[in-house]
Amino acid sequence: MDQPHHSSAPDWVPEGMEDDPRFACRLMPGVITPPPDMPLRKPAKRRKLTLDDYERGVLAGDTAILSRAITLVESNHPAHEALAQELLTRLLPQTGRSIRVGITGVPGAGKSTLIESLGCQLCAQGHHVAVLAVDPSSSVTGGSILGDKTRMQHLVREPGAYIRPSPSGGSLGGVGRKSRETMLLCEAAGYDIILVETVGVGQNEVTVRSMVDFFLLIMIAGAGDELQGMKKGVIEIADLLAVNKADGDNIPRAKLACTEYSRVLNFLQPATPGWKTRCITCSALIPETLAGLWQVVEKFAVATRESGALEKRRKHQSIEWMHAMIEEELRHRFFRNERVRSLLPEIEKKVAGQTLPAATAVRRIMAGFAGG
Ligand SMILES: Nc1nc2c(ncn2[C@@H]2O[C@H](COP(=O)(O)OP(=O)(O)OP(=O)(O)O)[C@@H](O)[C@H]2O)c(=O)[nH]1
Ligand SMILES: [Mg+2]
């Protein structure tokens, strides 16, 4: 063995990609037993980047610097936050020149496989594709981060592709904000297609819908509606439904499901004014079907650009996003307010004991907050 003291990198890391800057986490071979005479070396410290370094690097499409800029944006450290905001302010004029596509569906629907195959196709056509994941649960399980790397082995090798797993960061609000800012950084770095994958459970879809132009819902045939956890609400926010895994024996079932969904769609308001949400079948394993899927996205981009719906949606999203952040900030300040914290337990007791109406309680606490 050449390196008797080191284990090899895990086998889901494509060979030669261990140090690829497009990975958020660097994968190092683990040390099994260091030789007793091995000198202890301090880990090399990375050079601190200035605001200019970040700006130049991102605009030049330097993926190592882009990754560091994203890490900066994801950081909760106040000094990092300030620097990140300055960077975003500088880069903002260079953003917005991409088509932003959200992709959701129940676990196992085939989102990652589809993104991998579609992403490779788009790169082959000369596009620059950034793949982001929004999955608050992954910060707990770590599962989907590993999963996506196994399933995107080809895409990570594409020079035109950049893959960034979900930011860890607890609350969905936090994750949503970081993902949005990450998306802007990728646009400034020259990525003209942004694919945002999210697991179709809970609140995630709404967060992703609020940051993308086009929302794709991946379905699978055979799973009942409850089984897929698909509420009507999710279908209502989609611009395209795709029944995936339409291959082999599964084709007839996929087609049948597609017909049923198409019928449901006839009764729903479209998610985007002037755009008819349709249902198609596809297979992540059959590239031609994905080419067909992408044609729909391109048609959408042209139609909404021409009608002005795209610009309107983006403006609305930016304002909505600001309002969401104001609400978050207010809530944060409210519950950390000394006066509120001292008043709250007593007032809660009174409300619980039916001696104080809830609305009066609110007024008293708000008065405390305003004066405190
Ligand atoms: N036959 C067939 N299998 C597929 C297709 N797409 C994905 N699969 C398989 O379905 C399984 C799940 O695929 P993923 O791409 O990981 O699904 P996902 O939606 O990303 O799953 P999560 O990230 O866990 O939410 C894998 O075993 C894939 O190989 C397809 O079009 N046809
Ligand atoms: Mg996945």
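This talk covers a metal site, a pocket and one helix in a predicted model.

Start with the metal. The magnesium ion, ligand 2, has two protein donors: Ser 112 through OG and Glu 197 through OE. They lie 2.0 to 2.4 Å from the ion. Where do Ser 112 and Glu 197 sit in the chain? Ser 112 is in helix H4, residues 111–124. Glu 197 is in strand S4, residues 193–199. The two are 85 residues apart, so this pair links distant parts of the chain. Buried or exposed? Both Ser 112 and Glu 197 are buried.

Next, the largest pocket. Its space comes to about 620 Å³. The lining has 22 residues. Nearest the centre are Val 206, Thr 207, Ser 210, Glu 320 and Ala 324. Which elements give two or more residues to the lining? Helix H7 (172–188), helix H8 (204–209) and helix H12 (309–336). H12 gives the most, with eleven. As for character, the lining holds nine charged residues, seven polar and six nonpolar.

Last, helix H3, residues 78–91. H3 has 14 residues. From first C-alpha to last, H3 reaches 20 Å, close to the 20 Å expected at 1.5 Å a residue. Which residues of H3 are buried? Ala 84, Leu 87, Leu 88 and Leu 91. These four are on the same side of H3, because they cover an arc of only 100 degrees around the axis. The general rule helps here. An α-helix has 3.6 residues a turn, so residues three or four places apart point the same way. On the other side of H3, Pro 78 and Thr 89 are exposed.

Note on methods:
Residues are numbered from 1 along each chain as its sequence is written. Chains are lettered from A and ligands numbered from 1 in the order in which they are written. This is a predicted model: local features need pLDDT of at least 70, side-chain atom pairs count only at pLDDT 80 or more; totals for chains, interfaces and linings use all residues. Side-chain values use heavy atoms; hydrogens and water are left out. Donors are N, O and S atoms within 2.8 Å of the metal (3.2 Å for Na, K and Ca); water is not among the atoms, so sites may look incomplete. Buried means under 20% relative accessible area, exposed over 50%, partly exposed in between (1.4 Å probe, protein chains only). On a 1 Å grid over the protein atoms alone, a cavity is a set of points where a 1.4 Å probe fits but cannot get out, and a pocket is an open set with protein on both sides within 12 Å along at least five of seven lines; lining residues have an atom within 4 Å of a point. Grid points are joined across faces, edges and corners, and a volume is the space filled by probe spheres set on the points. Ala, Val, Leu, Ile, Met, Phe, Trp, Tyr, Cys and Pro count as nonpolar, Asp, Glu, Lys and Arg as charged, and the others, Gly among them, as polar. The expected span of a helix is 1.5 Å times one less than its number of residues. The arc is that of the directions from the helix axis to the C-beta atoms.
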